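Subject: Structure handover

Dear colleague,

Please find below the structure that I promised to pass on to you, followed by notes on what turned up in it. I would suggest keeping the view open while you read, so that you can look up each place as it is mentioned.

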Amino acid sequence: IGVESTDDEMVVEFTSSIPTSVHHSSGPGMLQVEIDPSSTDTYWKLRVTKPQHYSGGGLGISLWPEDSSKNIQHGVTLNVDLVPPAE
């Protein structure tokens, strides 16, 4: 997992040795997740941004295995939030 962030956005990259699918929470006022077009089933690049009327709170981003290990291996979840830096 790789993460780069600013006050208003975060880029998260996942690399997996097996095919995966990405899932995330969403809704009005929640952080927005955009999947980069360069993503594949073993490399995911996501941009997480604050919407205009951000109400606070984080969201979960999960990778689930999509090969024959689907019912054996557990997915990986990353909980993210964008908060102002401490002053």
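S39 counts as buried, because its relative accessibility is 17% and the cut-off for buried is under 20%. Please bear in mind, here and in everything below, that this is a predicted model. Along the chain, S39 is found in the loop that lies between β4 (32-35) and β5 (43-49). Its side chain reaches two backbone atoms, namely the backbone oxygen of D36 at 2.9 Å and the backbone nitrogen of K45 at 3.0 Å. If neighbours within four places in sequence are left aside, S39 is in contact with W44 and K45, so K45 appears both as a contact and as the residue whose backbone nitrogen is reached by the S39 side chain.

L31 is another loop residue to look at, and this one is found between β3 and β4. Is L31 buried or exposed? With a relative accessibility of 2%, L31 counts as buried. When residues up to four places away in sequence are not counted, L31 touches V48, T49, K50, P51, Y54, G57, G58, L59, V80, D81 and L82. For one of these, D81, the separation along the chain is 50 residues, while the C-alpha atoms of L31 and D81 are separated by 7.8 Å.

Next comes the salt bridge. A search of the whole structure finds 1 salt bridge, in which the side chains of R47 and E9 meet, with a distance of 2.7 Å from N to O. R47 lies in strand β5 and E9 in strand β2 (residues 9-15), so the pair ties together parts that are 38 residues apart in sequence. As for their surroundings, R47 counts as partly exposed because its relative accessibility is 30%, and E9 likewise counts as partly exposed, with a value of 28%.

Now to the sheet. Strands of a sheet pair through backbone hydrogen bonds, either parallel or antiparallel. Here, 3 strands form an open sheet in the order β3-β6-β7, and the pairing is antiparallel. The edges are taken by β3 (20-24) and β7 (76-80), each of which has a single partner strand, so one side of each is left without a neighbour in the sheet. On average, and with direction ignored, neighbouring strands of this sheet are turned by 15 degrees against each other. Between β3 and strand β6 (residues 59-65), which run antiparallel, there are 5 bridges, and within this pairing T20 stands opposite P65 in β6.

Finally, some values for the chain as a whole. The protein chain has 0 helices and 7 strands, so that its pattern, read along the sequence, is β-β-β-β-β-β-β. Of the 87 residues in the protein chain, buried residues make up 31%. Among the contacts with a separation of 6 or more, residues 24 or more positions apart account for 58%. The protein chain exposes about 5600 Å², and carbon and sulfur atoms supply 50% of that area.

With best wishes

Methods:
Residues are numbered from 1 along each chain as its sequence is written. This is a predicted model: local features need pLDDT of at least 70, side-chain atom pairs count only at pLDDT 80 or more; totals for chains, interfaces and linings use all residues. Side-chain values use heavy atoms; hydrogens and water are left out. Helices (H or I, at least four residues) and strands (E, at least two) are DSSP runs, numbered from the N terminus. Buried means under 20% relative accessible area, exposed over 50%, partly exposed in between (1.4 Å probe, protein chains only). Contact means heavy atoms within 4.5 Å. Accessible areas come from the Shrake-Rupley method with a 1.4 Å probe; for residues, only the protein chains shown count as cover. A polar contact is a pair of N or O atoms within 3.5 Å; within protein, one must be able to donate a hydrogen and the other to accept it, and residues adjacent in sequence count only if both atoms are side-chain atoms. Two strands pair if DSSP finds at least two bridges between them. Axes are lines fitted to C-alpha atoms, for helices over the stretch in contact, and angles run from 0 to 180 degrees between N-to-C directions. A salt bridge is a side-chain nitrogen of Lys or Arg within 4 Å of a carboxyl oxygen of Asp or Glu.
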